[in-house]
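User: I would like to go through this model by question and answer, with the reasoning given at each step.

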Amino acid sequence: MLAGVGCKWVLLGHADRRHVLGETDELIAAKVAKCLEVGLHVNLTVGDTAEAREAGKADESLVGQLSAAAAGISKDSWGKLCVAYEPVWAVGDGAQPCSPEEAQRVLAMLRCWVADNVGKAAAQAVRMAYTGSVNEANAASYAALADNNGFVVGRAGLDAGKLLNICSALAEGKVTASDKLLGS
Ligand SMILES: O=C(CO)COP(=O)(O)O
């Protein structure tokens, strides 16, 4: 139905679906597989809660969510996937922000997991994104991260001017990063 009306991307695995509506890793994996089967691209959100982090289980929890979804993704479909890292503890008014360093550590860890468990080509093809209280003030710091290809924006995206500035920061961050790679 979504593909039929011209939809290209579907967001799956958001923390609210997991923790408010009770969607399990298995249900999300089935949705990912179905979307890919009908030609949709998938933005798969994986996140760690404050409880998981305090228990020292943040990475285990993130890899568990990613590996469950990966079971239904063929090796050559990873280019149709974006994995969005969502520190659930950093979402919401007054929440403690996730530092760009920690966001990069997690994004690199997830991409390494894909390289080790699916293959290097899949790890290069998959997009990675950051989500969690992205705004005009912090977008540049996340945009510059080596393993971050984009954002999922919530509250700040309700204002078109703010969203445009976040998009500009992302584009600028990626141009600067590629300049660095080329040594200029
Ligand atoms: O829900 C979100 C986290 O995935 C994004 O929302 P905010 O950008 O408002 O934090």
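The questions below turn to the ligand site and then to the cysteines of this predicted model.

User: In which pocket does the ligand sit, and which residues surround the ligand?

Analyst: In this predicted model, the ligand sits in the largest pocket. By class, the shell around the ligand has 2 nonpolar, 5 polar and 2 charged residues. The residues that surround the ligand are H14, E86, V91, T131, G132, S133, V134, G154 and R155.

User: Which side chain has an N or O atom 2.6 Å from an oxygen atom of the ligand?

Analyst: A polar side-chain atom of T131 lies 2.9 Å from an oxygen atom of the ligand, and a backbone N or O atom of G154 also lies 2.9 Å from a ligand oxygen atom. The distance of 2.6 Å, from an oxygen atom of the ligand to a side-chain N or O atom, belongs to R155.

User: How much of the accessible area of the ligand does the protein cover?

Analyst: Polar contacts to ligand oxygen atoms include the one from the side chain of T131, at 2.9 Å. On its own the ligand has 300 Å² of accessible area, and the share of this that the protein covers is 90%.

User: How many disulfides are there?

Analyst: A disulfide is a covalent bond between the sulfur atoms of two cysteines, and the cut-off applied here is 2.5 Å between those atoms. The count by this rule is 0.

User: Why is C98 without a bond to another cysteine sulfur?

Analyst: C98 is buried, with a relative accessible area of 2%. The closest cysteine sulfur is that of C82, and C98 has no such bond because the two sulfurs are too far apart, at 16 Å.

Note on methods: Residues numbered from 1 in each chain as written. Predicted model: local features only at pLDDT ≥ 70, side-chain atom pairs only at ≥ 80, totals over all residues. Heavy atoms only, no water. Near = heavy atom within 4 Å. Polar contact = N/O pair within 3.5 Å; in protein donor to acceptor, adjacent residues only side chain to side chain. Areas by Shrake-Rupley, 256 points an atom, 1.4 Å probe, with all protein chains shown as cover. 1 Å grid on protein atoms, 1.4 Å probe; cavity = no way out; pocket = protein on both sides within 12 Å on 5 of 7 lines; lining within 4 Å. Sits in = over half its atoms within 2 Å of the grid points. Nonpolar A, V, L, I, M, F, W, Y, C, P; charged D, E, K, R; others polar. Buried < 20%, exposed > 50% of the residue type's maximum accessible area, 1.4 Å probe, protein only.
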